Amino acid sequence: MTEFSSFHDEVFPLAVSFGATGGPERRNEIVSLTSGREKRNLRFSQSRHHYDAGTGVKSLDDLHDVLAFFEARRGSLHAFRFRDPFDMKSCRPSEVPGMLDQVLGAGDGLKARFSLTKTYGSGADAYKRLIVKPVAASLRIAVAGVARLAPAFSFDDGTGDVVFAAGSIPAMGAQVTAGFEFHVPVRFDAERLSLRVTAFKAGQIPSIPLVEVRL
């Protein structure tokens, strides 16, 4: 059994997500030794993101949009797409994604599937975040610096892989790169919403907790 019932391929109201707060969570075990040193263990191989979209509700229409979205997802039952206001591209937020932004790997003449990832840091200890919900229209792929266009490749939504068609498989040593915008798969982390009308055509939802899910 997965940690969610199903996934709805719908995007949380964008106007509200722009004002959300939140970010990544890490779980590390830290044990202090008698020598004064510490032993640290990484519990999550991938960070887990948490958000509160309540700060993004500015109007009565925003409130209604969130209410309708919450009801359509049956509360926390169904996961959905969320646009992280801080980290939503293969590049910096102010830039336009390009096909050379992220290195997905190198071809061997046989491998057709490459996980879509975003790298944080550099070197052997860099963190590769799995991207499973890219914005399909934004996905740009290159092999050895040369753009590839569909149907030379496709994106497998079930596995999060870029899949090259037969006849377009990257040659030995050819670097595969990508650029994209992406969403985070999340669910509501609450079973009820507390709604409030604060003024004429103004609404408030003090807290709309969201938590990332693994698909």
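**Aromatic pairs and a small sheet**

Modeller: F12, Y51, F69, F70, F80, F82 and F188 form one aromatic cluster. The model is a predicted one, in which local features need pLDDT of at least 70, side-chain atom pairs count only at pLDDT 80 or more, and totals for chains, interfaces and linings use all residues. Residues are numbered from 1 along each chain as its sequence is written, and side-chain values use heavy atoms, with hydrogens and water left out.

Biologist: What makes two rings an aromatic pair, and how many pairs are there?

Modeller: Rings of Phe, Tyr and Trp (its six-membered ring) pair if their centres lie within 6.5 Å; planes under 30 degrees apart count as stacked, over 60 as edge-to-face and the rest as tilted. By this rule there are twelve aromatic pairs.

Biologist: Why is the pair of F12 and F80 called stacked?

Modeller: The centres of F12 and F80 are 6.1 Å apart and their planes differ by 20°; the limits are 6.5 Å and 30 degrees, so the pair is stacked. F12 lies in the loop between β1 (6–11) and α1 (14–17), and F80 in strand β6 (residues 78–82), so the pair ties together parts 68 residues apart in sequence.

Biologist: How do you know whether F12 and F80 are buried or exposed?

Modeller: Buried means under 20% relative accessible area, exposed over 50%, and partly exposed in between (1.4 Å probe, protein chains only). F12 has 1% and F80 has 0%, so both are buried.

Biologist: What is the geometry of the pair F69 and F188?

Modeller: With 6.3 Å between centres and 65° between planes, the pair is edge-to-face. F69 belongs to helix α2 (residues 60–72) and F188 to strand β16 (residues 184–188), so the pair ties together parts 119 residues apart in sequence. Both F69 and F188 are buried.

Biologist: Which charged residue lies over the face of F69?

Modeller: R73 does, at 4.4 Å from the ring centre. A charge sits over a ring if NZ of Lys or CZ of Arg is within 6 Å of the ring centre and within 35 degrees of the ring normal. The charged end of K111 likewise sits over the ring of F114, 4.6 Å from its centre.

Biologist: What makes β8 and β13 edge strands?

Modeller: Two strands pair if DSSP finds at least two bridges between them. The open sheet has the order β8-β14-β13, with antiparallel pairing. β8 (113–115) and β13 (153–156) each have a single partner strand, so one side of each is left without a neighbour in the sheet.

Biologist: How many bridges join β13 and β14?

Modeller: Four bridges join β13 and strand β14 (residues 161–164), so the requirement of at least two is met.
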